[in-house]
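Trainee: Walk me through how the labels on this one are earned. I'd like to see each value held up against its cut-off.

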Amino acid sequence: MKFDASSVVPLYQQIADEFTAGILSGAFAEDTQIPSTTEVAKTYAINPATVLKGMNVLVDLGLIEKRRGIGMFVVPGAQAKIKAKRKHDFYAERIADLVAAAKALDIGKAELIAAVEEGYGA
């Protein structure tokens, strides 16, 4: 994990983003324990309250859960939730922009589909 205190992205969000990336990649498997707030705080010299705030973002999103006296665990289905959210965001942001740019360049639907298929190597 890497954190940048000088970034415009708040540290707690960077923490949430790094754990999300770890869940998505499988580095933090579903139904397994993730590093504790204290471990992360000590390892990366970050205020424990900041680490907790980042982890609470993931709790609120339903990606991790607190198990009293044990620690934080990745919930089953967390990876699928992340993929579904990213897929939705991709369609909402990138596809809309792609179609708008194609229309501005007078690229028709069939031509755009052909370009996408070519990009996939079809």
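**Labels and their cut-offs**

Trainee: Why does glutamate 65 count as partly exposed?

Mentor: Glutamate 65 has a relative accessibility of 30%. Buried means under 20% relative accessible area, exposed means over 50%, and partly exposed is what lies in between, with a 1.4 Å probe and protein chains only. At 30%, glutamate 65 falls in between, so partly exposed is its label. Before we go on: this is a predicted model, where local features need pLDDT of at least 70, side-chain atom pairs count only at pLDDT 80 or more, and totals for chains, interfaces and linings use all residues. Residues are numbered from 1 along each chain as its sequence is written, and side-chain values use heavy atoms, with hydrogens and water left out.

Trainee: How do you know that glutamate 65 and arginine 67 form a salt bridge?

Mentor: The term asks for a side-chain nitrogen of Lys or Arg within 4 Å of a carboxyl oxygen of Asp or Glu. The closest N and O atoms of arginine 67 and glutamate 65 are 2.9 Å apart, so the pair passes. The chemistry behind it is familiar: side chains of opposite charge can pair when their charged atoms come close.

Trainee: What other salt bridges are there, and how many in total?

Mentor: Three in the structure. Arginine 67 also meets aspartate 31, at 3.0 Å from N to O. That pair links distant parts of the chain, with aspartate 31 in the loop between H1 and H2 and arginine 67 in strand S1 (residues 64–67), 36 residues apart. Helices (H or I, at least four residues) and strands (E, at least two) are DSSP runs, numbered from the N terminus. Then there's lysine 85 with aspartate 89, at 2.8 Å between the closest N and O atoms. Both of those sit in helix H4, four residues apart, which is about one turn of the helix. Bridges that share partners join Asp31, Glu65 and Arg67 into one network.

Trainee: Are arginine 67 and aspartate 89 buried or partly exposed?

Mentor: Arginine 67 has 26% relative accessibility and aspartate 89 has 22%. Neither value is under the limit for buried, so both count as partly exposed.

Trainee: What makes the phi of aspartate 31 worth a look?

Mentor: Its phi is near 65 degrees, a positive value in a residue other than glycine. Most residues other than glycine have a negative phi. Alanine 45, in the loop between H2 and H3, also has a positive phi, near 55 degrees.

Trainee: Which of the two, aspartate 31 or alanine 45, is called exposed, and why?

Mentor: Alanine 45, because its relative accessible area is 73%. Aspartate 31 stands at 45%, so partly exposed is the word there.

Trainee: What makes the group around valine 116 a nonpolar patch?

Mentor: Patch residues need over 30% relative accessible area and no salt bridge; like charges are joined within 9 Å, and nonpolar side chains (Val, Leu, Ile, Met, Phe, Trp, Tyr) within 5 Å. Valine 116 has 39%, so it clears the area limit. The patch consists of Phe90, Tyr91, Ile95, Leu98, Val99, Val116 and Tyr120, and together they have about 680 Å² of accessible area, by the Shrake-Rupley method with a 1.4 Å probe and, for residues, only the protein chains shown as cover. Helix H4 (residues 78–104) gives the most, five residues, while valine 116 belongs to helix H5 (residues 109–119).

Trainee: Why is the largest open space called a pocket and not a cavity?

Mentor: On a 1 Å grid over the protein atoms alone, a cavity is a set of points where a 1.4 Å probe fits but cannot get out, whereas a pocket is an open set with protein on both sides within 12 Å along at least five of seven lines. Lining residues have an atom within 4 Å of a point. The largest pocket has 13 of them, with Thr20, Leu61, Leu63, Ile82 and Lys85 nearest its centre. H4 supplies the largest share of the lining, five residues.
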